[in-house]
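User: Please take a close look at the loop that carries one of the residues around the ligand, and describe its backbone with some care.

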Amino acid sequence: MAGRRALSMAVAVALLAAAASADSWLYEEFTTDGHVRADYNAQGQQVTSLILDRQSGGAFYSRQKYLYGQFSIQLKLIPGNSAGTVTSFYLTSGDGPGHDEIDMEFMGNETGQPVVLNTNVWANGDGKKEQQFYLWFDPTTDFHTYTIIWNDKNIIFKVDDLFIRSYKRYGDLPYPGGKPMSVHATLWDGSFWATQQGKVKVDWSSAPFVVNYKGYAVDACTSNGDGRPLSCPAGTDRWMNRQLDGAEWGTVAWAKQNYMHYNYCKDGWRFPQGFPAECSRN
Ligand SMILES: *[C@@H]1O[C@H](CO)[C@@H](O)[C@H](O)[C@H]1NC(C)=O
C-alpha cells in the first residue's frame, strides 16, 4: 500500500515536473528584478506578471546572450488607466555607450484611449529610429503575440500574424549586428515620456498596475561575448534568411497607412539637418 502510494506520488511528481518544464520559461531563462510574480494558468502555461506601484516596477532579463534569432512573447497589457506606464519586450547589448537595442514598447494611456506600440532600433548608441503604431485590437483584454526577428539582413517586427515593420541593413550604415544581446521585459513609470508626450502622468490611485506575459519562445544563436563562437540551433533558415515577401510588405503598408502614429522619417523638426540616410532608401 505504502509502496504503491509512494510510487504513484513519484509518478505524479514526475508528470508535474514534465508539465512544468514544458512551459517554465521564467526562472530557467531569466533573472528577475523588482515586482515579479509567476503562476500557471489552467492550461499549464506559465504566466509572469510584472507589477508597478509607487515603490518599484518589475523586470526579467535573460541570462543568455544571443546574436540573431527569433524572439516572441504573448502579452496582456494593463487594463483601464495605464497612462504614464511603459511595458516592454526588447533586446539590448547592455547599457554602455555605443550599445545596440531592438525595442517593442507599449505606451499606456487613459481609460478608453489607445495604447501606442513603439518600435525602435539602436545601432551603436543611436536610437532615433522610432515608428509607433496604434493596435487594431484592444491589447488589454486578451493575450497577443509580439515577435522580433533579427538577422544580418533586417529586423522584422510582427504583431500576431501580421508584419508591421522591417528595418533593413545597408552595408554603409550602422546596424545592430556585432554585439550579442539579451532579452528584457520591463514595466516602469515612463510619466515623463510615454503618454501624450509626457502630459499625462501615472495616476497612482490606479496602482498596482499589472501586465501579464506568457508563451515566451526563443529560437536564436547564442553568444557568450564579442568574438566568441556562436552556437546556433538546427534549422536557423527559419529566421536567419527571413525577409518579407510581397504579401508581407502589404501588411507593413497596411499598418503604416492605417495605424501609424509616428514615423521618425517624417519628423523634420527632429532632423533639421536632414533625415537619417535609410529614410530615403526604403
Ligand atoms: C493616448 O490617447 C490620446 C487621445 O486619444 C492620443 O492622442 C495618444 O496618441 C494616445 N497614446 C499615447 C501613448 O499617448
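What follows is a connected reading of that loop, with its surroundings.

Analyst: The model is a predicted one, and the loop in question is the one between β13 (182-189) and β14 (209-222), where P208 lies and where Q196 is found as well.

Q196 belongs to the set of residues that surround the ligand, which also includes A194, T195, M107, N109, Q113, P114, V116 and H261. Taken by character, this shell divides into four nonpolar and five polar residues, with no charged residue among them.

The backbone of Q196 deserves attention, since its phi is near 50°, a positive value in a residue other than glycine. Most residues other than glycine have a negative phi, and most peptide bonds are trans. Q196 counts as partly exposed because it has 13 C-beta neighbours inside 10 Å, and a residue is called exposed at 12 or fewer and buried at 20 or more.

The loop also holds a second backbone feature, for P208 is joined to A207 by a cis peptide bond, with omega about 0°.

For comparison, D160 lies in another part of the chain, in the loop between β11 (154-159) and β12 (162-168). The phi of D160 is likewise near 50°, a positive value in a residue that is not glycine, and D160 counts as partly exposed because 14 C-beta neighbours fall inside 10 Å.

Methods. Residues are numbered from 1 along each chain as its sequence is written. This is a predicted model: local features need pLDDT of at least 70, side-chain atom pairs count only at pLDDT 80 or more; totals for chains, interfaces and linings use all residues. A residue is near a molecule or strand if its C-beta atom, placed from the backbone, lies within 6 Å of it. Ala, Val, Leu, Ile, Met, Phe, Trp, Tyr, Cys and Pro count as nonpolar, Asp, Glu, Lys and Arg as charged, and the others, Gly among them, as polar. Helices (H or I, at least four residues) and strands (E, at least two) are DSSP runs, numbered from the N terminus.
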